[in-house]
Structures are given as C-alpha cells and as structure tokens.
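I'm opening a fresh page for this chain. My plan is to go from the whole fold down to single strands and helices.

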Amino acid sequence: MSDERQRATGAGGGRREVTDAAQAREALRGVLEQARSAVFFGGAGVSTESGIPDFRSAHGVYRTSSGVGYPPETIVSHSFFQAHPQEFWRFYRSKMVFPDARPNACHRKLAELERAGHLAGVVTQNIDGLHQAAGSRAVVELHGSVHRNHCQGCGRGFDLAQTLAAADASADGIPRCPACGGAVKPDVVLYEEPLDEATMLRAARLIDAADVLVVAGTSLAVWPAAGFIEYFHGGTLVVANLSPTSAEAQADLVVRVPVGEAFDW
Ligand SMILES: [Zn+2]
C-alpha cells in the first residue's frame, strides 16, 4: 500500500507546511472531505481551546496541604494514589477535571465528518469526554475518562457527577462508595499503570485501516503515541501541532495553527 500513497497535498508531492489559519482550513477540508476512513489521533492540544490545560503545565511542582511539593507526574501515579488518596483527589479535581468544559470547533467538526462517512474514528489521549459530548461515536480513549469511576471495594461504577458529589460529601475529600464504603478510583490510566490492551488493539486496528491519519495537538513524546503512527499505511499523513513533532518527517501536510482554528470550517 505504501508505494501507492496518494500525495493529496502539495503540487510536487512533497511535504507542505501551513501556518495561516485560512489555508490550514482549506487544506484540511480538502483532505478530510475526500477521506473514507480517516482517523484523528489527538492529544492535549485538542482541548486547549475548550479551556482545559495540559495537567503537566501545572507549574512544575504542586504543593500539597502539608507543604510538600511533588511534580504533577508523581501525583498522578498509581503508587501516589494508593499512598495519598486525599492529595491525589485534591490535585485531580483542580487540574484534571473540568465538568463545565464544552467541545470546541475541532470536536464538532470531527463528529460531523464521522456522520458524513469520512472519519472512521478518534483515538485520543485526553480524558475529558469532549469528543462524545460533541457527538462522536467511535472514540478510543487511550488514557481512560474522568466520566467513568469505580469503587475499589465492590466495583460499582459512578459517573462524574456522582463521584464529585461523593467527594464533596466526604470529610477528607475522597469519594466513597455508598454501597460498601470503598474508595472510588477514576477509570483514568495513571503513571505506572499499563494501558488497556483491548483499547490499544482497537486504536491500532483503526489506524491500520485508515486512508488518512491526522495527528493533532500532541508532541508524540509520550509512549505509546509515537508507536501508533507505525500502524498507518494510508495515503495522507497530516500533523497539526504548534511545535515540531517526531512524526513530521513522514507527514504530507504540517499545520501550525491552533487545532480549534484549523478545524473550523
Ligand atoms: Zn463499593
């Protein structure tokens, strides 16, 4: 398949880089409205315009109530969650959960492209559920979702509103199961935890069958994101990210425009 790659962008078949929003919209529209099984692989940059910052931008060190500072990556780890659930929930609620966030133009455009039969699915590193809120149906959430939570005691599931209400009702801020009193854990993949195998397989299959792959709002620095690109054998690879990424060498189209502006047509 790779030798049949149709260079849908750039007159000479080489890589085209676009820094102007109007040109980016035109180029993306040209590629995606021709696609039959496009896949969108997105990261934190996709939700920036919905007011959700990358939690890793939480100013290096986060100070807990005891005055001890931890890097965000430490707080969002399995061992920290087990040892300091109260501090975990305090950080998690303030930096990773945004119940009032709404989908932006990019989320809405992807849902529209799926309905029109151009987009086969979205693979996301985000945990905010905004693709589903915009109407996307085929969404693979590599890192889980804030909208799913479960009791570590009995396994009962809770949505985000139930979980936050339980945390508010709890003296130490740790949400507890009303049935058994067990501590509730979000279905979010923490550092030190493996990604779900069935979820990874679903992502790999989507990308393997894609005719267009758009990698957007992610530096691809975090494993296994970079590895997924290797499954792509389709015609057009698009990279939409403000800073350079490792996938660009293979890209047909590089878009240096905020994602919410580039997908707004
Ligand atoms: Zn329970």
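I counted the elements to start: the chain has 10 helices and 12 strands. Helices here are DSSP runs of H or I with at least four residues, strands are runs of E with at least two, and both are numbered from the N terminus. The radius of gyration is 20 Å, close to the 18 Å that the globule rule gives for 265 residues, so the chain is as compact as a globular protein of that length. That radius is taken over C-alpha atoms, and the rule is 2.2 Å times the number of residues to the power 0.38.

Some housekeeping before I go on. This is a predicted model: local features need pLDDT of at least 70 and side-chain atom pairs count only at pLDDT 80 or more, while totals for chains, interfaces and linings use all residues. Residues are numbered from 1 along each chain as its sequence is written.

**Overall extent.** Along its principal axes the C-alpha trace spans about 65 × 35 × 30 Å. Buried residues make up 42% of the 265 residues; buried takes 20 or more other C-beta atoms within 10 Å of a residue's own, with C-beta atoms placed from the backbone. I also looked at contacts, meaning C-beta atoms, placed from the backbone, within 7 Å. Of the contacts with a separation of 6 or more, 65% join residues 24 or more positions apart.

**The sheet of 7 strands.** What order do the strands of this open sheet take? I read 1-12-11-10-2-5-6, with parallel pairing. Strand 1 (16-18) and strand 6 (139-141) stand at the edges with a single partner strand each, so one side of each has no neighbour in the sheet. From one strand to the next, the twist averages 15°. I count two strands as paired if DSSP finds at least two bridges between them.

**Strand 11.** I picked strand 11 (residues 236-240) for a closer look, and 5 of its 5 residues are buried. Thr 236, Val 238 and Ala 240 are on one side, Leu 237 and Val 239 on the other, and both faces are covered. Strand 11 pairs in the parallel sense with strand 10 (residues 212-216) over 5 bridges, where Leu 213 stands opposite Leu 237. It also pairs in the parallel sense with strand 12 (residues 253-255) over 3 bridges, and there Val 238 stands opposite Leu 253.

**Strands 2 and 5.** Strand 2 (residues 38-42) and strand 5 (residues 119-124) have 5 bridges in the parallel sense. I noted Val 123 in strand 5 as the bridge partner of Phe 41.

**Helices across this sheet.** Helix 1 (residues 21-32) lies across strands 1, 2, 10, 11 and 12, at about 140° to strand 12. Axes are lines fitted to C-alpha atoms, for helices over the stretch in contact, and angles run from 0 to 180 degrees between N-to-C directions. Ala 24, Arg 25, Ala 27, Leu 28, Val 31 and Leu 32 of helix 1 are buried. Helix 8 (residues 197-208) lies across strands 2, 5, 6 and 10, at about 140° to strand 5.

**The sheet of 3 strands.** This open sheet has the order 8-7-9, with antiparallel pairing. Strand 8 (157-158) and strand 9 (184-188) are its edges, each with a single partner strand, so one side of each is left without a neighbour in the sheet. Strand 7 (residues 144-151) and strand 8 pair over 2 bridges, and Gly 157 in strand 8 is the bridge partner of His 150. Helix 7 (residues 160-168) lies across strand 7, strand 8 and strand 9, at about 60° to strand 7.

Note on methods:
The expected span of a helix is 1.5 Å times one less than its number of residues. A residue is buried if 20 or more other C-beta atoms lie within 10 Å of its own, exposed if 12 or fewer, and partly exposed in between; C-beta atoms are placed from the backbone. Two residues are in contact if their C-beta atoms, placed from the backbone, lie within 7 Å.
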